[in-house]
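Please look over this note with the model open beside you. It takes the ligand and its surroundings, then one helix.

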Amino acid sequence: MYKVDSMDMFKALWGLPEQCQDAWRLGMESPLPQAAAVSNVLVTGLGGSAIGGDLLRVYSSGKMSVPVAVNRDYLLPEYVDESTLIFAISYSGNTEETLSAYEEARRRGASIMALTTGGKLKQMAERDGVPVLEIPGGLAPRAATGYLFLPMLAVLQRMGLLQGVEGEIDELVRCLQEIRESLKPESPLESNLAKQLARNLHNRIPVIWGASGTTEVVAQRFKGQINENTKAPAYWNVFPELNHNELVGFEVPKELLEKLHVVILKDAGDHPRVKIRMDITKGIVAKVVSGVNEIKSSGEGMLARIYSLIYTGDYTSVYLATMYGVDPGPVKIIDYLKTELAGR
Ligand code: F6R
């Protein structure tokens with residue numbers, strides 16, 4: 001397994017708990033954005049640098065009095081103004097959509113904080129006197145999910161917009177340190193949930209279902225990790241919405257439906273009616289797809305619960321890559337696209 005892993009994705013996965021700890025520390029020590037009154041928060045970024053924004057949106061929705069939105073585009077929504085706090089996030093610091101959105105945020109007079117390892121974003125922010133939260137380089141952006149999310153929580157807490165995150169960080173780190181013992185490559189199939197999931201998803205199309213407000217971003221991330229690490233297709237959706245459309249599409253064609261494998265993500269915070277919906281839905285699709293797995297989050301706080309599922313999904317996608325003989329690290333298609341775009 002380690003042999004086909006040219007970018008040390010397994011090593012990066014193993015280091016996630018300590019990354020989370022370090023990410024929180026960096027956020028607690030960073031300069032703060034100049035913001036008088038914040039009426040909304042916007043995270044702008046793409047791919048692995050945007051998903052932290054989605055995690056922030058879901059995590060903060062029951063805890064913060066101002067809304068959080070995520071922008072994955074060159075342009076910004078019309079409402080962005082001086083009262084908007086913007087986190088411009090790019091791991092490389094060179095993603096053109098993010099640089100364009102950053103310039104637009106400057107024109108609108110928004111309070112900005114750049115979160116990056118360097119690149120043009122860092123240069124531009126330094127030129128403009130915009131605070132830079134510099135995170136360590138050397139990882140694939142999608143392997144830096146701790147660095148690309150948790151510093152924002154620390155900054156928002158220090159700005160008085162969020163409270164009580166600290167205790168959750170300790171629990172998160174402990175919980176991930178515990179889980180990795182069973183997820184690591186040395187842990188055998190019988191006790192390794194990620195290996196079991198990878199075995200079930202092998203030669204199947206994964207369909208990952210989460211729930212709005214709890215595991216929705218985990219489902220999206222799990223799907224993205226299978227795309228980027230395994231280089232395979234995967235799809236995601238959320239309860240209760242999928243009960244109103246996607247579920248109807250499980251009648252025909254039978255021979256294609258048999259190639260699907262459904263994973264349902266479960267969390268203690270799921271709405272009681274959603275829990276019932278999951279059970280009924282499982283009964284319906286189990287008859288036509290190759291199989292259904294339910295995986296439950298562990299831990300008490302929302303951060304531990306969400307990351308426990310992210311961790312399992314991440315490991316699963318890397319095991320699945322090795323089962324196909326694929327190197328999980330390089331994303332040649334994304335690199336090709338970026339090079340092509342730079343030349344035009
Ligand atoms: C690669 C990855 C991508 C990048 C995206 C944006 O591991 O996850 O989704 O995150 O292409 O690049 P950055 O993060 O450098 O702004």
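1. Fourteen is the count to start from: 14 residues surround the ligand, each with a heavy atom within 4 Å of it. The closest are Ser 49, Ser 90, Ser 92, Thr 95 and Arg 142. This is a predicted model, where local features need pLDDT of at least 70, side-chain atom pairs count only at pLDDT 80 or more, and totals for chains, interfaces and linings use all residues. Residues are numbered from 1 along each chain as its sequence is written, and side-chain values use heavy atoms, with hydrogens and water left out.

2. By class, the shell holds five nonpolar, six polar and three charged residues. Here Ala, Val, Leu, Ile, Met, Phe, Trp, Tyr, Cys and Pro count as nonpolar, Asp, Glu, Lys and Arg as charged, and the others, Gly among them, as polar.

3. Check the polar contacts (pairs of N or O atoms within 3.5 Å). The side chain of Thr 95 has a polar atom 2.5 Å from a ligand oxygen. For Ser 90, a side-chain N or O atom is 2.6 Å from an oxygen of the ligand. For Arg 142, a side-chain N or O atom also lies 2.6 Å from a ligand oxygen. The protein covers 93% of the 400 Å² of accessible area that the ligand has on its own (Shrake-Rupley method, 1.4 Å probe).

4. Now helix α6, residues 150-158. Eight of its nine residues are buried (under 20% relative accessible area, 1.4 Å probe, protein chains only). Among them are Leu 150, Pro 151, Met 152 and Gln 157. Just after α6, Gly 160 has a positive phi of about 80 degrees.

Notes
A polar contact is a pair of N or O atoms within 3.5 Å; within protein, one must be able to donate a hydrogen and the other to accept it, and residues adjacent in sequence count only if both atoms are side-chain atoms. Buried means under 20% relative accessible area, exposed over 50%, partly exposed in between (1.4 Å probe, protein chains only). Helices (H or I, at least four residues) and strands (E, at least two) are DSSP runs, numbered from the N terminus.
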